[in-house]
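Work through the exercises below with the model open. Each task is followed by a solution in steps.

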Amino acid sequence: MSLLQITGLRGGYAAADEIVKGADLKVEAGEIVALIGPNGAGKSTLLKLIAGLLRPSGGSVRFKEQEIAGLGAPAISRRGLSFVPQERNVFGTMSVAENLEMGGFIDGAHARKRMAELYERFPMLSEKRRAAARTLSGGQRQILAMAIALMNAPDLLLLDEPTAGLSPRAAEELFGTILALNKSGVAILMVEQNALEALSVSARAYVLVQGRPEHEGRAADLADDPTVRDLFLGGKAQPMLRGNGDSSNKGTGDFT
Ligand SMILES: Nc1ncnc2c1ncn2[C@@H]1O[C@H](COP(=O)(O)OP(=O)(O)OP(=O)(O)O)[C@@H](O)[C@H]1O
Ligand SMILES: [Mg+2]
């Protein structure tokens, strides 16, 4: 039995407008899986349906052998599935420490211990614990966003475009951090626009096209697949796949 097993998942923002149209997908315990696809394919929507931020209109989401489709985001998070959204994933005016506390509200008793562990894992966060989140660099903010999600010690982390807006160098560093996190035992389902890099750190991948995973396989095979290459990894696509080269972090604004 897979850690996460999705069958025929459907849903969107309005009943009449289905974005995800019958998605099948799985993540094994400890696995790192990439989800790639063109703009507007429904990647973020799929993650929101899994995390309980949107209510599925059909299909099944089994996590640790229990049905979680239809549960709200807090209940899903308590079961060990954390989500880092594409945008507005830190509170800019709050300090690093306060941001982490927000992630620990679920499990107050263990929050202090967990924070200490995360400071040890990410010394940068410890050094900046009193700094407002908006003063962090783009890469540092993404680490903070992941650390918030790690406060409840998840078994599975959903990451929506963690390297969006980062410089190539910062993106590479962040991929290193994600890999290390995965090696520590956290399974990861990651949406990425840096498709080649995402495939290079992943075991398996799905290509989502118009709300359905159209291609699935070992990441290395997909990276070599001519159809996939033509669609997303074309010869001169490399600079584009790197994002817009802008390090102003439009994706990590403030909630307020
Ligand atoms: N909050 C929303 N309300 C209504 N429709 C939305 C909302 N967010 C996204 N959509 C629509 O859902 C469709 C899929 O969007 P989604 O954000 O899931 O795509 P994506 O694959 O994540 O794209 P990107 O690569 O640009 O992040 C798009 O047609 C989009 O316009
Ligand atoms: Mg998206």
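**Exercise 1. Find the residue that follows α1 and state the sign of its phi; then describe how α1 is covered.**

Step 1. Gly52 comes after α1, and its phi is positive, near 90 degrees. Helices (H or I, at least four residues) and strands (E, at least two) are DSSP runs, numbered from the N terminus.

Step 2. This is a predicted model, in which local features need pLDDT of at least 70 and side-chain atom pairs count only at pLDDT 80 or more, while totals for chains, interfaces and linings use all residues. Residues are numbered from 1 along each chain as its sequence is written, chains are lettered from A and ligands numbered from 1 in the order in which they are written, and side-chain values use heavy atoms, with hydrogens and water left out.

Step 3. Of the nine residues of α1, eight are buried. Buried means under 20% relative accessible area, exposed over 50%, and partly exposed in between (1.4 Å probe, protein chains only). Among the buried residues are Lys43, Ser44 and Thr45.

**Exercise 2. List the polar contacts from Gly42, Lys43 and Gln86 to ligand 1, and describe the shell around ligand 1.**

Step 1. Take the shell, where a residue counts as near if one of its heavy atoms lies within 4 Å of the molecule. The residues around ligand 1 include Tyr13, Ile19, Pro38 and Glu161. By class, the shell has four nonpolar, six polar and two charged residues. Here Ala, Val, Leu, Ile, Met, Phe, Trp, Tyr, Cys and Pro count as nonpolar, Asp, Glu, Lys and Arg as charged, and the others, Gly among them, as polar.

Step 2. Helix α1 (residues 43-51) gives the most to this shell, with three residues.

Step 3. Look for polar contacts (pairs of N or O atoms within 3.5 Å). A polar side-chain atom of Lys43 is 2.8 Å from an oxygen atom of ligand 1. For Gly42, a backbone N or O atom is 3.0 Å from a ligand 1 oxygen. For Gln86, a polar side-chain atom lies 3.4 Å from an oxygen atom of ligand 1.

Step 4. On its own, ligand 1 has 640 Å² of accessible area, and the protein covers 59% of that. The areas come from the Shrake-Rupley method with a 1.4 Å probe.

**Exercise 3. Which protein donors does the magnesium ion (ligand 2) have?**

Step 1. Donors are N, O and S atoms within 2.8 Å of the metal (3.2 Å for Na, K and Ca); water is not among the atoms, so sites may look incomplete.

Step 2. Ser44 (OG) and Gln86 (OE1) are the protein donors, at 2.0 to 2.4 Å from the ion. The pair links distant parts of the chain, 42 residues apart: Ser44 is in helix α1, and Gln86 is in the loop between β6 (81-84) and α3 (96-103).

Step 3. Ser44 is buried at 18% relative accessible area, whereas Gln86 is partly exposed at 28%.

**Exercise 4. How many salt bridges are there? Describe the pairs Asp155 with Lys64 and Glu117 with Lys113.**

Step 1. Count each side-chain nitrogen of Lys or Arg within 4 Å of a carboxyl oxygen of Asp or Glu as a salt bridge. This rule gives ten salt bridges.

Step 2. Asp155 and Lys64 meet at 2.5 Å, N to O. Their positions are 91 residues apart: Asp155 in the loop between α6 (138-150) and β7 (156-160), Lys64 in the loop between β4 (58-63) and β5 (66-67).

Step 3. In the bridge between Glu117 and Lys113, the closest N and O atoms are 3.2 Å apart. The two are separated by about one helical turn because they are four residues apart in helix α4.

Conventions. Polar contact = N/O pair within 3.5 Å; in protein donor to acceptor, adjacent residues only side chain to side chain.
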